[in-house]
4 protein chains.
Amino acid sequence: MIDEANDKKALIVRTAIRLFTEKGFHGTPTALVAREAGISNGTLFHYFPTKEELINFAYYDIKKRMAADTGAGVARARTNKERARRIWRNAINWGVDHPAEYMFLQQFSSSPFIKKLPPDEIMKVVGIELEVFLDVIRHSHLKDIELEVAFNILFAPVDAVVRAIIDSHGGLDRERLIDSSFRLMWDGVSGE
Amino acid sequence: MIDEANDKKALIVRTAIRLFTEKGFHGTPTALVAREAGISNGTLFHYFPTKEELINFAYYDIKKRMAADTGAGVARARTNKERARRIWRNAINWGVDHPAEYMFLQQFSSSPFIKKLPPDEIMKVVGIELEVFLDVIRHSHLKDIELEVAFNILFAPVDAVVRAIIDSHGGLDRERLIDSSFRLMWDGVSGE
Amino acid sequence: MIDEANDKKALIVRTAIRLFTEKGFHGTPTALVAREAGISNGTLFHYFPTKEELINFAYYDIKKRMAADTGAGVARARTNKERARRIWRNAINWGVDHPAEYMFLQQFSSSPFIKKLPPDEIMKVVGIELEVFLDVIRHSHLKDIELEVAFNILFAPVDAVVRAIIDSHGGLDRERLIDSSFRLMWDGVSGE
Amino acid sequence: MIDEANDKKALIVRTAIRLFTEKGFHGTPTALVAREAGISNGTLFHYFPTKEELINFAYYDIKKRMAADTGAGVARARTNKERARRIWRNAINWGVDHPAEYMFLQQFSSSPFIKKLPPDEIMKVVGIELEVFLDVIRHSHLKDIELEVAFNILFAPVDAVVRAIIDSHGGLDRERLIDSSFRLMWDGVSGE
DNA sequence: AATGAATGAGCTTTCATTCAT
DNA sequence: AATGAATGAAAGCTCATTCAT
């Protein structure tokens, strides 16, 4: 029972994500989501009473998976720099390998349509990664900046890299971009 | 006549931008734009045959103003570093001082609704600023990266800073953030 | 222009009243009103931004016509009793001759769906008739009762008569009912 | 078992009446009734295969209770006038003391949604009271009118009084209204 | 008897766009 | 150029009812 219900909910979310990333929130009627998921209009609203709730749920879902993947293999790294590099690489790879989901995240976070998410909920998700950069931020120009903000500044190039690679449709050397951008960030931050 | 026509077109665009940034593209009916601009429904479509064209026009309009403001005072700076710092500061200040327009730009650039803008058109607008960073990029980790991409990577923290300040509603020290983020970027890029 | 616009609005109201009285508020989709009126869905909402507004408008429209008809010939009557009898007869006749409209009024006034009408607006419409009964109420058992309430008590049998005749589908003697009920009321009120 | 089943049915009806009177038939989804009654959606339809049947049942239920209460103490009265006065007073008091149920009855009886109740079924319920007025009607202006119709005409002011008191939210003197309206009716009917 | 997920037709309302004037 | 009434497809959401368990 539980499995099937979850399956159905998961099915809806998966379908929704696909369509949202293809056509945008507003370009995707709930009826289309239902049809593509092979369920009825009413069933969709049984699981998500509002389109907005569906969108929010999809956002969390993606964010969670992204966070999980981004942390992969970090524990195995010896030095802090290696851990940071892992995360950096993982984050970029995730974006490039999940372009639809990635663009969904971007679309979501600059949509005036939805402003209602509790910030701490979001942070909980990325929280683990933050710690890796804690020490390094403390010895950098960002040492007096609020931690979360500092982290966002530091991480900003990741987004630029992902976008560039996605937009180039494979025309760019992913490894070089990852490497260059990481060294840029690391040098900037550590003065090493 | 021409003046009046331009005035009316400008009036529409100004009204549209205000509403778009308040309510988003989809939250802003063309009818509302017309009413708030004090013209008729039909007149709006006389100047912009399509809502999309109105949005695009608004985008260019903002982008142009932003580019102009970002270049202010750059010529007066002596060293390249000073020029870069000027641009950096100008860009952040512009975003913080024009939050609505800034968010509109963000919203626009990650909207799947509109993909149809020729990239070179966009670049033409930011182009001038690029040159300032040319030399510095060539001596950095980014030297083998395509110039435009390198520029975007370098500039990414600007966005993070602007967002942080806007979101903090005045709770952050703008000067410190500008300074710290610039030094971070500069160190990263120059190994200085 | 004005005439045509008014015509269209009137056409919508007329159609709506017909359908409402046949099928009830909830049994009448706005789309049906539009179709039967020979206009588009959107046009209906151009004139009545809300279904509720359409219903309210229809209510006033009927009420006004009823009030006008009820006052017919009253001025020509000599005595107060004759005037009262006229109104009594007119009111019953109107209800019987406009059964659909009459039932609409009933349906409306006991619908929890709509409670928002300013009472004075309603009274303005029936106001004129009230005066005829003023004097007679003052000399009756109702003399200490608030005027409007007294009037409603006095007039209540009209409704009973109308309903009876409508429900009997012509099986009842209208004249006798009008006459009997009026004498009943008049005797009760005047002790004559 | 039977008790439990009856209990559950009664529970549903009670809940339904409360909600219907608060929000109207159409404003009350069956799902809401079920939820508020603490049972499942399906169970409601086990006891009432149709929403309409639930509404009808609720109508009878209220009507029966009203009739029972209206007859209270009538047997103890000596004269016919006293019996009539009792009924008159009881009816008004019931309406005023059960405003929700009373409005439900009104709403029901002028709803085009439901026309399907056999009239004799309804009369059976009020029947007993009718007899008290039999004699008095026979000596009045209404003597040639069909009994049921005559009764309705006679009783009409009761409704006006109840509505007035309910609408006034306690601002009116209930006793005076009961008294005045009864004397009005009685004088009208008996010429006494 | 009881559940509650599933259905899908149907509803009110929105809105970009057209067009006669 | 300017108007604004008219359009009608489409959207998000509701809800009485069914049915497998």
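The exercises below deal with a predicted model, looking in turn at the surfaces near two DNA strands and at one helix.

**Exercise 1.** Find which residues come nearest to DNA strand E, and describe the surface near this strand by class.

*Solution.* Begin with the 33 residues around DNA strand E, of which Gly42(A), Thr43(A), Pro29(C), Ser40(D) and Gly42(D) come nearest. Next, sort the surface by class, which gives 11 nonpolar, 18 polar and 4 charged residues. Finally, look for the elements that each supply at least two residues: they include α1 (2–23) and α3 (41–47) of chain A, as well as α2 (30–37) and α3 (41–47) of chain B.

**Exercise 2.** Determine which residues are closest to DNA strand F, and which elements give two or more residues to the surface near it.

*Solution.* Among the 33 residues that surround DNA strand F, the closest are Pro29(A), Ser40(B), Gly42(B), Gly42(C) and Thr43(C). The elements that give two or more residues to this surface include α2 (30–37) and α3 of chain A, together with α1 (2–23) and α3 of chain B. By class, the surface near DNA strand F has 11 nonpolar, 18 polar and 4 charged residues.

**Exercise 3.** Check the span of helix α4 (residues 51–70) of chain A, and then work out where its buried residues lie.

*Solution.* At 1.5 Å a residue, the 20 residues of this helix should span 28 Å, and the end C-alpha atoms are 29 Å apart, which agrees. The buried residues of α4(A) are Leu54(A), Ile55(A), Ala58(A), Tyr59(A), Ile62(A), Lys63(A), Met66(A) and Thr70(A). Because they cover an arc of only 165° around the axis, they lie on the same side of α4(A). On the other side of α4(A), Glu53(A), Lys64(A) and Ala68(A) are exposed.

Key:
Residues numbered from 1 in each chain as written. Chains lettered and ligands numbered in written order. Predicted model: local features only at pLDDT ≥ 70, side-chain atom pairs only at ≥ 80, totals over all residues. Near = placed C-beta within 6 Å. Helix = DSSP H or I, 4+ residues; strand = E, 2+ residues; numbered from the N terminus. Nonpolar A, V, L, I, M, F, W, Y, C, P; charged D, E, K, R; others polar. Expected span 1.5 Å × (residues − 1). Buried ≥ 20, exposed ≤ 12 C-beta atoms within 10 Å, placed from the backbone. Arc of directions from axis to C-beta.
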